[in-house]
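Got the viewer open? Let's take a walk through the chain, one selection at a time.

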Amino acid sequence: MTELATERGCAPKAFGAEPKIGASATVDLVVREADCASALQLSDDPRDNFPPVFATTRMIALMELAGARILHPLLQSGEMSVGAHVDISHTAATPIGAKVTARATYRGRDGKLFVFDVIAHDPAGEIGRGTHKRAIVSRDRLIAGAAKRR
């Protein structure tokens with residue numbers, strides 16, 4: 001289950017449809033077995049098994065969700081935000097049952113991309129940080145483009 005806490009809002013659309021610098025959102029998740037690296041099972045080779053700790057991919061997904069929620073007020077009908085870039089370090093393991101909180105803070109634009117500083121922590125402290133960039137796109141155009149890649 002996720003929860004949003006936006007501390008500062010977005011600038012009015014008349015002023016460039018952009019969040020205010022420093023706008024932030026947090027997303028919380030209690031780690032379940034399905035959130036662990038061990039649940040990935042990407043291969044039948046036992047040497048490819050991962051430990052039962054919070055997966056880096058899930059941490060990044062929480063960070064992305066926090067950034068996406070900051071952009072919600074900017075979305076027009078038929079639009080969505082998508083992740084375009086991540087530069088993240090995952091520095092500590094988190095066990096099943098622990099609560100992880102990811103925070104995204106809006107830093108500004110890089111052309112058409114919205115740039116966020118992201119950080120995640122569990123009850124023992126920081127577990128990861130980095131930067132994340134998102135774009136606002138047409139949902140239909142994204143799906144149509146993906147279908148062409150078959």
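Start by selecting D45: with a relative accessible area of 23%, D45 is partly exposed, because that label covers the range between buried (under 20%) and exposed (over 50%), using a 1.4 Å probe and protein chains only. Before going further, note that this is a predicted model, where local features need pLDDT of at least 70, side-chain atom pairs count only at pLDDT 80 or more, and totals for chains, interfaces and linings use all residues. Residues are numbered from 1 along each chain as its sequence is written, and side-chain values use heavy atoms, with hydrogens and water left out.

**Around D45**

Keep D45 on screen and add R47. The two form a salt bridge (a side-chain nitrogen of Lys or Arg within 4 Å of a carboxyl oxygen of Asp or Glu), and their closest N and O atoms are 2.6 Å apart. R47 is exposed, at 72% relative accessible area.

Now add S43. A polar atom of the S43 side chain lies 2.9 Å from the backbone nitrogen of D45. S43 itself is partly exposed, with 26% relative accessibility. Where in the chain are you? S43 lies in the loop between β1 (24-30) and α1 (56-71). Helices here are DSSP runs of H or I with at least four residues, strands are runs of E with at least two, and both are numbered from the N terminus.

Stay in that loop and pick L42, which also lies between β1 and α1. Is L42 buried or exposed? L42 is exposed, at 72% relative accessible area. Select L40 and F50 along with L42 and switch on a surface: the three form a nonpolar patch with about 320 Å² of accessible area together. Patch members have over 30% relative accessible area and no salt bridge; like charges are joined within 9 Å, and nonpolar side chains (Val, Leu, Ile, Met, Phe, Trp, Tyr) within 5 Å. The areas come from the Shrake-Rupley method with a 1.4 Å probe, and for residues only the protein chains shown count as cover.

**Zoom out to the fold**

Switch to cartoon. The chain has two helices and five strands, running β-α-β-β-β-β-α from the N terminus on. Of its 150 residues, 35% count as buried.

Color the strands next. The five form an open sheet in the order β1-β3-β4-β5-β2, with antiparallel pairing; two strands pair if DSSP finds at least two bridges between them. β1 and β2 (79-90) stand at the edges with a single partner strand each, so one side of each is left without a neighbour in the sheet. From one strand to the next, the twist averages 25°, with axes fitted as lines to C-alpha atoms (for helices, over the stretch in contact) and angles running from 0 to 180 degrees between N-to-C directions.

**One edge: β1**

Select β1. How many of its seven residues are buried? Six are, so to speak putting β1 mostly under cover. Its partner is strand β3 (residues 99-110), which runs antiparallel to β1 and is joined to it by seven bridges. For a register check, pick L29: the bridge partner of L29 in β3 is V100.

Then show D28 and K99. This pair forms a salt bridge, with the closest N and O atoms 3.8 Å apart. D28 sits in strand β1 and K99 in strand β3, so the pair ties together parts that are 71 residues apart in sequence. D28 is buried, at 12% relative accessible area, whereas K99 is partly exposed, at 42%.

**The other edge: β2**

Move over to β2. Eleven bridges join β2 to strand β5 (residues 125-138), and the two run antiparallel. Pick H85 and look across: K133 in β5 stands opposite.

In β5, highlight E126 and R129. They form a salt bridge whose closest N and O atoms are 2.8 Å apart. E126 is partly exposed, at 36% relative accessibility, and R129 is partly exposed too, at 44%. Elsewhere, select R32, D35 and R58, which salt bridges with shared partners join into one network. The structure holds eight salt bridges.

**Last stop: T94**

Finish with T94, in the loop between β2 and β3. T94 counts as buried, with 0% relative accessibility. Which side chain does T94 make a polar contact with? Add D122: a polar contact of 2.8 Å joins the two side chains. A polar contact is a pair of N or O atoms within 3.5 Å; within protein, one must be able to donate a hydrogen and the other to accept it, and residues adjacent in sequence count only if both atoms are side-chain atoms.
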